[in-house]
Amino acid sequence: MPVKAKQDWLPSQKWKTVNGKKIPKKAEIEAKINEAARIFKSVPGISNVKTSMDFDNYILKLSCNFKKIENINAGLEQLKAKNVLGKMVPTQIYSQSSDKKSFTRNKVNTFKSDYDKLSKADKEVFNDAKYTSILQFENIIKSQSNAGYLLSPNKKALKLDGNILDFYTSEKTDSK
């Protein structure tokens, strides 16, 4: 019976660049996620910060609890200021209204013009890239108006996912 060797997905093990751009090593990715967690742990109103990294499927997670959405926005601002996030990454993604008991995913700038400037080879890197966001709430979601989000059976979570190009080129960036 032949034995199959596990092939590491991470191209940085064999390649140093793709289309002339440096590929981060696994240790560099781990360091960025751990730095993000350290920063989030220091933000008032944020607790229970956890990370997980699945390098077989390239799924990186940072989860936390927060008292109000401004805590998350403040954490994202700090990640950007400390170069953990890129300069173009939006930081005021969500807002909430306690009076109206509403939570909103804000319209963010798209990256369509930046994407359009990429070479054909660089664009191909995004063809199979996926994005998933899961928002979990303590209370039942009474209604939601963005058809892009799927409501969980227990009505306490929303999931938004799709091809990363849908988000870069504005197909899934509308707030509701």
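Q: In the hairpin of β5 and β6, which residue takes a positive phi?
A: Happy to start here, with the note that this is a predicted model. β5 (residues 94-97) and β6 (residues 102-105) pair in the antiparallel sense over four bridges. Four residues lie between the strands of this hairpin. The residue there with a positive phi, near 55 degrees, is Lys101.

Q: In β6, which residue is the bridge partner of Gln96?
A: Strands of a sheet pair through backbone hydrogen bonds, either parallel or antiparallel. For β5 and β6 the sense is antiparallel. Within that pairing, the β6 residue bridged to Gln96 is Phe103.

Q: Over how many bridges do β3 and β4 pair?
A: These two strands form a hairpin with four residues between them. Met53 stands opposite Leu60, a residue of β4. The strands pair in the antiparallel sense, and the number of bridges is seven.

Q: What is the phi of Tyr58, and is the residue buried or exposed, or partly exposed?
A: Tyr58 sits in the loop between β3 (46-54) and β4 (59-66). Most residues other than glycine have a negative phi, and most peptide bonds are trans. Tyr58 has a positive phi, near 55 degrees, though it is a residue other than glycine. Its relative accessible area is 45%, so Tyr58 is partly exposed.

Q: Which residue in the loop between β8 and β9 has a positive phi of about 60 degrees?
A: The residue lies in the loop that links β8 and β9. At 43% relative accessibility it counts as partly exposed. It is not a glycine, and its phi is positive, about 60 degrees. The residue is Lys155.

Q: What is the strand order of the open sheet of three strands?
A: Pairing in this sheet is antiparallel. β7 (130-136) and β8 (149-151) stand at the edges, each with a single partner strand, so one side of each has no neighbour in the sheet. Neighbouring strands are turned by 20 degrees against each other on average, direction ignored. The order is β7-β9-β8.

Q: Which residue of β9 stands opposite Leu135?
A: β7 and β9 (residues 157-163) pair in the antiparallel sense over seven bridges. In that pairing, the β9 residue opposite Leu135 is Leu158.

Q: How far does helix α2 reach from its first C-alpha to its last?
A: Helix α2 spans residues 69-81, which is 13 residues. At 1.5 Å a residue, 18 Å would be expected. The computed reach is close to that, at 19 Å.

Q: Which elements do the buried residues of α2 pack against?
A: The buried residues of α2 are Ile69, Asn71, Ile72, Asn73, Gly75, Leu76 and Leu79. An α-helix has 3.6 residues a turn, so residues three or four places apart point the same way. For contacts of one of these residues, Ile72 touches Phe40, Ile46, Cys64 and Phe66, leaving aside residues up to four places away in sequence. The elements that the buried residues of α2 pack against are α1 (26-42), β3, β4, β5 and β6.

Q: Which residue with a positive phi follows α2?
A: Helix α2 covers residues 69-81. After α2 comes a residue whose phi is positive, near 60 degrees. That residue is Asn83.

Q: Which elements give two or more residues to the largest nonpolar core?
A: This core has 20 residues, and those with the most contacts inside it are Phe40, Ile46, Ile72, Leu76, Leu79, Tyr94 and Tyr149. In soluble globular proteins, nonpolar side chains tend to be buried together. The elements that give two or more residues to the core are α1, β3, α2 and β9.

Q: Is Asp122 buried or exposed?
A: Asp122 is found in helix α4 (residues 120-124). It touches Asn19 and Lys21, when residues up to four places away in sequence are not counted. Its relative accessible area is 11%, and a value under 20% counts as buried, so Asp122 is buried.

Q: What share of the residues in the protein chain is buried?
A: The chain has five helices and nine strands, which run β-β-α-β-β-α-β-β-α-α-β-β-β-α from the N terminus on. It exposes about 12500 Å², with carbon and sulfur atoms supplying 52% of that area. Of the 176 residues, the buried share is 27%.

Q: Among contacts between residues at least 6 apart in sequence, what share joins residues at least 24 apart?
A: One contact of this kind to look at is Asp122 with Asn19. Over the protein chain, the share of such contacts joining residues at least 24 apart is 46%.

Terms used:
Residues are numbered from 1 along each chain as its sequence is written. This is a predicted model: local features need pLDDT of at least 70, side-chain atom pairs count only at pLDDT 80 or more; totals for chains, interfaces and linings use all residues. Side-chain values use heavy atoms; hydrogens and water are left out. Two strands pair if DSSP finds at least two bridges between them. Axes are lines fitted to C-alpha atoms, for helices over the stretch in contact, and angles run from 0 to 180 degrees between N-to-C directions. Buried means under 20% relative accessible area, exposed over 50%, partly exposed in between (1.4 Å probe, protein chains only). Contact means heavy atoms within 4.5 Å. The expected span of a helix is 1.5 Å times one less than its number of residues. Accessible areas come from the Shrake-Rupley method with a 1.4 Å probe; for residues, only the protein chains shown count as cover. A nonpolar core is a set of buried Ala, Val, Leu, Ile, Met, Phe, Trp, Tyr and Cys residues joined through side-chain atoms within 4.5 Å.
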